[in-house]
Amino acid sequence: MRIAGREPGMSFHLRGGEEPNALIVEPERLGATMVLRLPVEALPWRDAELAGARRGRAAEMPAHPLAALRLSLAASQLADRTGIRGAERLWLADGMATLAIADGGRLVVPRLRIGRAATLPASVQLRGARAAQARGSIHVVQLSAGRRVGGLTLVVSRGRDDGPTPTEANGAQRRKLHPALQRFLLPPTAEKGRELSLLLLLRGPAEDLEQLGLRLGGRHTGVVAVRVAAGLLPAIAASPSVLFVEPSRPLGPDQPDAPDASGL
């Protein structure tokens, strides 16, 4: 799954299995600090008075002794009190535990306090000034009795607020276009109004294409035939809804594009 943004992140759920339940999180080539957030009662506290086991869903749980506390632990303190390895620091606030992980690190939570078949909310997020420019991956693996039972990989791309560089944008547009259409990415002024008969391969939802005036006939996925002005081709190629564009008939270098047999 791909994520982006100023401080990109994602929420997900873990499901309790055979004990022990463990969690491994590995950021890879991100160039930014990553945090993992879990409910405070899910951590394997070694203090007997803090180790209330989780037996059901969050709505069924009584307040945890640490839920109202604000606390910060360095890596060595965290390892001594919970056995968690690979975190730079932990913060507790409002019933949530936030674990900071350095880029290239490997966070291991050896025992999650989660009942069998119970669900546990969790999230990962990039933090700091470099988060919006981060690129890389976040790997999350859940283990039950030493066996992998779940996981996900998040691919972090450039933040949407900054957008791709002009070179990246132009290259991405060209990869979506049939070679015969690439000359229309920067059409001369005289050709911008020239009509083209095209076949679009869509993956939906395509609202941005309809805002451009394209008549999709209610179809937002699969192959759709359209007739558009050449000046719209750059915007069509830039749409995240478009996978590929090709002409519905051969195009001559200087010949007008006449309708094909389908009447487009």
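Here a trainee and a mentor talk through the salt bridges of this predicted model.

Trainee: Before we dig in, what should I know about the model and its numbering?

Mentor: It's a predicted model, where local features need pLDDT of at least 70, side-chain atom pairs count only at pLDDT 80 or more, and totals for chains, interfaces and linings use all residues. Residues are numbered from 1 along each chain as its sequence is written, and side-chain values use heavy atoms, leaving out hydrogens and water.

Trainee: What makes Glu19 and Arg111 a salt bridge?

Mentor: The term needs a side-chain nitrogen of Lys or Arg within 4 Å of a carboxyl oxygen of Asp or Glu. Glu19 and Arg111 come to 3.6 Å, N to O, so the pair fits the definition.

Trainee: And why does that pair tie together separate parts of the chain?

Mentor: Because Glu19 lies in the loop between strands S2 and S3 while Arg111 lies in strand S8, the two parts being 92 residues apart in sequence. Strands here are DSSP runs of E, at least two residues, numbered from the N terminus.

Trainee: Why is Glu19 called partly exposed?

Mentor: Buried means under 20% relative accessible area, exposed over 50%, and partly exposed in between (1.4 Å probe, protein chains only). Glu19 has 42% relative accessibility, so it counts as partly exposed. Arg111, at 40%, also counts as partly exposed.

Trainee: How do you know that Glu195 and Arg227 form a salt bridge?

Mentor: Their closest N and O atoms are 3.0 Å apart, so they pass the cut-off too. Glu195 sits in strand S12 and Arg227 in strand S13, 32 residues apart.

Methods: Helix = DSSP H or I, 4+ residues; strand = E, 2+ residues; numbered from the N terminus.
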